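Here's a quick briefing on a ligand site and what surrounds it. Have a look at the model first.

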Amino acid sequence: FSPKVLEGQHVLISAGPTYEAIDPVRGLTNLSSGKMGFAIARAAHEAGAHVTLVAGPVSLPTPRGVGRINVRSALNMQKTLNVLSQNATVFISAAAVADWRPMQAAEQKIKKDGSGQVPTLSFVENPDILAGIATGVRALNNHLFCVGFAAESEDLLAHAQAKRKRKGVPLLVGNIGPDTFGQDDNALLLVDEQGEMDLPRAPKLTLARQLVAEIARRMPAPKPI
Ligand code: C5P
C-alpha cells in the first residue's frame, strides 16, 4: 500500500461469528467465515496501521503483523472491544454478532432422557456492541472513527442508510448479497452522510484495500507535531 494511508492509526476490527452456548458441548452460531474482516485487517496493516483483530470462532490464519484476540460469545466480544476501543482511532465492526443468546447456558450437558421430551430454549437479546461503542464516542467526544457492516437481503441502500443512522456511525458498509458468507468475492455498498458508493464485485482483499482507502480519506488529518 503506497502511500501508507493509515500510518499512525490504531485500527480495531471485529470479525467472524459469535458462539452462544446452550450447554458445555452445544451452542448457536452463524455462517460468517470471518474472511472479510480478516482481509480488512491485512489491508489496514499494509496501509501502515497498528491493527488488532478480535475474532469469533473461525479457522483462518492471522494476517502477518496483526495482533489477534480470540473470543466466543457476544458478551465476551463486547467486553474485549469496549476495552480495546479506548486506544483505537478506527473501529471496523465486521463481526456477525448473534442477535440473541440462550437465557442461561446449562452447566452440565443436557441429557436426552428417552421420554421423547424435548428441551425448550428461551432467549435474551444481545447488546449492540457497535451502537454502544459509537454512543460512548459521541458522549466523550472521542476521536474514534466507527464503521459498521450490514447484510441485507433486499432494498440494501434504504436499509443501510437507516442502519447507519440507528447505529450512529459515519460509515456503513452493505454487503451486496446474496450469500457473501464464506465466499472469496463480495460486492460492497458504502453509505455515509454524503450518499452512496459502489465497490463492484471483486476478491475480498481487493475490496478491503479499497475500503481502507475510503476510510483513510474520511479520517481527520493528523495533527502537526
Ligand atoms: O443490526 P445488524 O446486526 O444488522 O447490524 C450489523 C452491524 O452491527 C455490524 O457492523 C455488526 O458487527 C454490528 N453488531 C454489533 N452488535 C450486535 C449486532 C450487530 O456490534 N449485537
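The residues around the ligand, each with a heavy atom within 4 Å of it, are S93, A95, V97, P127, D128, I129, L130, G148, F149, K163 and K167. Keep in mind that this is a predicted model, where local features need pLDDT of at least 70, side-chain atom pairs count only at pLDDT 80 or more, and totals for chains, interfaces and linings use all residues. Numbering runs from 1 along each chain as its sequence is written, and side-chain values use heavy atoms, with hydrogens and water left out.

**Make-up of the shell**
- By type, the shell splits into 6 nonpolar, 2 polar and 3 charged residues, with Gly counted as polar and Asp, Glu, Lys and Arg as charged.
- At least two shell residues come from each of α3 (129-140), β9 (145-152) and α4 (156-167); these are DSSP runs, with helices (H or I) of at least four residues and strands (E) of at least two, numbered from the N terminus.

**Ligand contacts**
- The side chain of K163 puts an N or O atom 2.3 Å from a ligand oxygen.
- For the side chain of K167, the N or O to ligand oxygen distance is 2.9 Å.
- A95 joins in through its backbone, with an N or O atom 2.7 Å from an oxygen of the ligand.
- On its own the ligand exposes 440 Å², and the protein buries 85% of that (Shrake-Rupley, 1.4 Å probe).

**A residue in α3**
- V137 sits in helix α3.
- V137 counts as buried because its relative accessibility is 12%, and the cut-off for buried is under 20% (1.4 Å probe, protein chains only).
- V137 and V169 are 32 residues apart in sequence and 9.8 Å apart in space, C-alpha to C-alpha.

How values were computed. Polar contact = N/O pair within 3.5 Å; in protein donor to acceptor, adjacent residues only side chain to side chain. Buried < 20%, exposed > 50% of the residue type's maximum accessible area, 1.4 Å probe, protein only.
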